[in-house]
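Please open the model in your viewer and keep the selection panel at hand. This tour tells you what to select at each stop and what you will find there.

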Amino acid sequence: MAEVSNKQVVLRDYVSGFPKESDMYVTSSTLKLKLPEGSKGVLVKNLYLSCDPYMRNRMSKLDYESYVDSFKPGSPITGYGVAKVLESGDPNLKEGDLVWGMTGWEEYSILNSTQALFKIHHTDVPLPYYTGILGMPGMTAYAGLYELCSPNKGEYVYVSAASGAVGQLVGQFAKLLGCYVVGSAGSKEKVDLLKNKFGFDEAFNYKEEPDLNAALKRYFPQGIDIYFENVGGKMLDAVLLNLRVHARIAVCGMISQYNLEQPEGVHNLMQLITKRALMKGFVVGEYYHLYPKFLELVLPSIKQGKIVYVEDVAQGLESGPAALVGLFKGRNVGKQVVVVSRD
């Protein structure tokens, strides 16, 4: 029975305020490459790991009910990733299969349950795509836009944090449906990406806009039909003032609030009544039953070049803490991926 060194990213202690690289540390333990007797789980070698904004909440000791548990200080953090099966106690998975789903931030993981794993059948696209466009972020974009907002051709769509893992896809999906799409991001490089690579009609740098309400009026003189919410706070307040009648808001995330001790208030909720608008939060896990339908839409679009995807790749597990913290400082351009191994 082989025994290997297993490098891991471990949470040092619960985090308050902005996370720092020093809130995590990289260590090594030893692991026997063998499933426990009678296990129905899998032993996997992790290949690619996904950095996602929701992971910030898991770094804190949550004093409220959440759809995800806190990480456990002193233990490896967990997140979405792509892995290769080395041994399986699940009859539906065998040695050599590739999977995506929830795994550990370590070189090898024993996953006691396979319920949160998807077998990868299509390997004619880059494997890291299953941390992004073909994984949880892709499903998030699809569920929030198609299922919650039901876009119609010609509608006006606004996406905040638009160059990130989810936002870049929301904009492209909306363009495929014939919508007018504007995105916001935090740098000139990202704004250029939105307009020149992802095909957004317009984009702006929110950091250069002293008055977000005025900026949205400039880009949406007719108002906003659909807002895909990734930011919260002042951005949401400004959007509420610019809604059209029967507008829809899909609340995906509120990254501007994750590191605040006291969340900002939202003042313009009366506009939901005035404009008979719908604002709804969602959790992507409730839509995974649509994954086959999602693949039917997205795989041909990727292969035909109708949808493009940009990744920001960090090499090596030891680069994981910096890559994850970088999300909250806007350092990443596109989907942040950590490469653990390529085979």
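**First stop: a cavity**

Begin with the largest cavity, whose lining, sorted by class, has eight nonpolar, three polar and no charged residues. Remember as you look that this is a predicted model. To display the lining, select Val44, Gly81, Val82, Ala83, Val99, Trp100, Gly101, Met102, Thr103, Leu111 and Leu117. Two elements, strand E4 (78-88) and E5, each give two or more residues to this lining, and the largest share, five residues, comes from E5. The space inside the largest cavity amounts to about 30 Å³, and the count of cavities of 30 Å³ or more comes to one.

**Second stop: the strands around it**

Now show the backbone of strand E3 (residues 42-50) together with E4, and you will see two strands that run antiparallel and are joined by seven bridges. Which residue of E4 is the bridge partner of Asn46? Selecting Ala83 gives the answer, for Ala83 in E4 is the bridge partner of Asn46, and Ala83 is also one of the residues that line the largest cavity. Next add E5, which pairs with E4 in the antiparallel sense over seven bridges. If you pick Val82, you will find that Trp100 in E5 stands opposite, and both Val82 and Trp100 are among the residues lining the largest cavity.

**Third stop: a pocket**

Stay with E5 and move on to the second largest pocket, to whose lining E5 and strand E6 (108-111) each supply at least two residues. The volume of this second largest pocket is about 170 Å³. Its lining is made of 14 residues, and those that lie nearest the centre are Met102, Thr103, Ile110, Leu111 and Asn112. Of these, Met102, Thr103 and Leu111 may be familiar to you, since they are also found in the lining of the largest cavity. Colour the lining of the second largest pocket by class, and you should find seven nonpolar, six polar and one charged residues.

**Fourth stop: aromatic rings**

Return to Trp100 and show the side chains of the aromatic residues, of which the structure holds 20 pairs. Trp100 and Tyr288 make one such pair, with 6.0 Å from centre to centre and 85° between the planes, which is an edge-to-face arrangement. This pair links distant parts of the chain, as Trp100 sits in strand E5 (residues 98-104) and Tyr288 in the loop between strand E13 (278-281) and helix H8 (291-303), 188 residues apart. Are these two residues buried or exposed? Trp100 counts as buried because its relative accessibility is 0%, and Tyr288, with a relative accessible area of 15%, is buried as well.

Then select Tyr142 and Phe294, which form another edge-to-face aromatic pair, with 5.5 Å between the centres and 65° between the planes. Tyr142 belongs to helix H2 (residues 136-149) and Phe294 to helix H8, so this pair ties together parts of the chain that are 152 residues apart in sequence. Tyr142 has a relative accessibility of 3% and therefore counts as buried, and Phe294, at 0%, counts as buried too.

To see how these rings belong together, select Tyr54, Tyr80, Trp100, Phe118, Tyr142, Tyr146, Phe173, Tyr288, Tyr291 and Phe294, which form one aromatic cluster.

**Fifth stop: two partly exposed residues**

Now turn to Asp211, whose place is in the loop between strand E10 (202-205) and helix H5 (212-219). Asp211 has a relative accessible area of 40%, which means that it counts as partly exposed. If you draw a distance from its C-alpha atom to that of Met254, which is 43 residues away along the chain, the viewer should show a separation of 19 Å.

Within helix H5 itself, select Lys217, which is partly exposed with a relative accessible area of 42%. The C-alpha atoms of Lys217 and Val239 are separated by 9.4 Å, and the two residues are 22 residues apart along the chain.

**Last stop: the whole chain**

Finally, zoom out until the whole chain is in view, with its nine helices and 15 strands. Taken along the principal axes, the box filled by the C-alpha atoms is roughly 65 × 45 × 35 Å. A compact globule of 343 residues would have a radius of gyration near 20 Å, and the chain agrees with this, because its own value is 20 Å. Of these 343 residues, 56% count as buried.

Terms used
Residues numbered from 1 in each chain as written. Predicted model: local features only at pLDDT ≥ 70, side-chain atom pairs only at ≥ 80, totals over all residues. Heavy atoms only, no water. Phe/Tyr/Trp six-rings, centres within 6.5 Å; stacked < 30°, edge-to-face > 60°. Helix = DSSP H or I, 4+ residues; strand = E, 2+ residues; numbered from the N terminus. Buried < 20%, exposed > 50% of the residue type's maximum accessible area, 1.4 Å probe, protein only. 1 Å grid on protein atoms, 1.4 Å probe; cavity = no way out; pocket = protein on both sides within 12 Å on 5 of 7 lines; lining within 4 Å. Points joined across faces, edges and corners; volume = space filled by probe spheres on them. Nonpolar A, V, L, I, M, F, W, Y, C, P; charged D, E, K, R; others polar. Pairing = 2+ DSSP bridges. Rg over C-alpha atoms; globule rule 2.2 N^0.38 Å.
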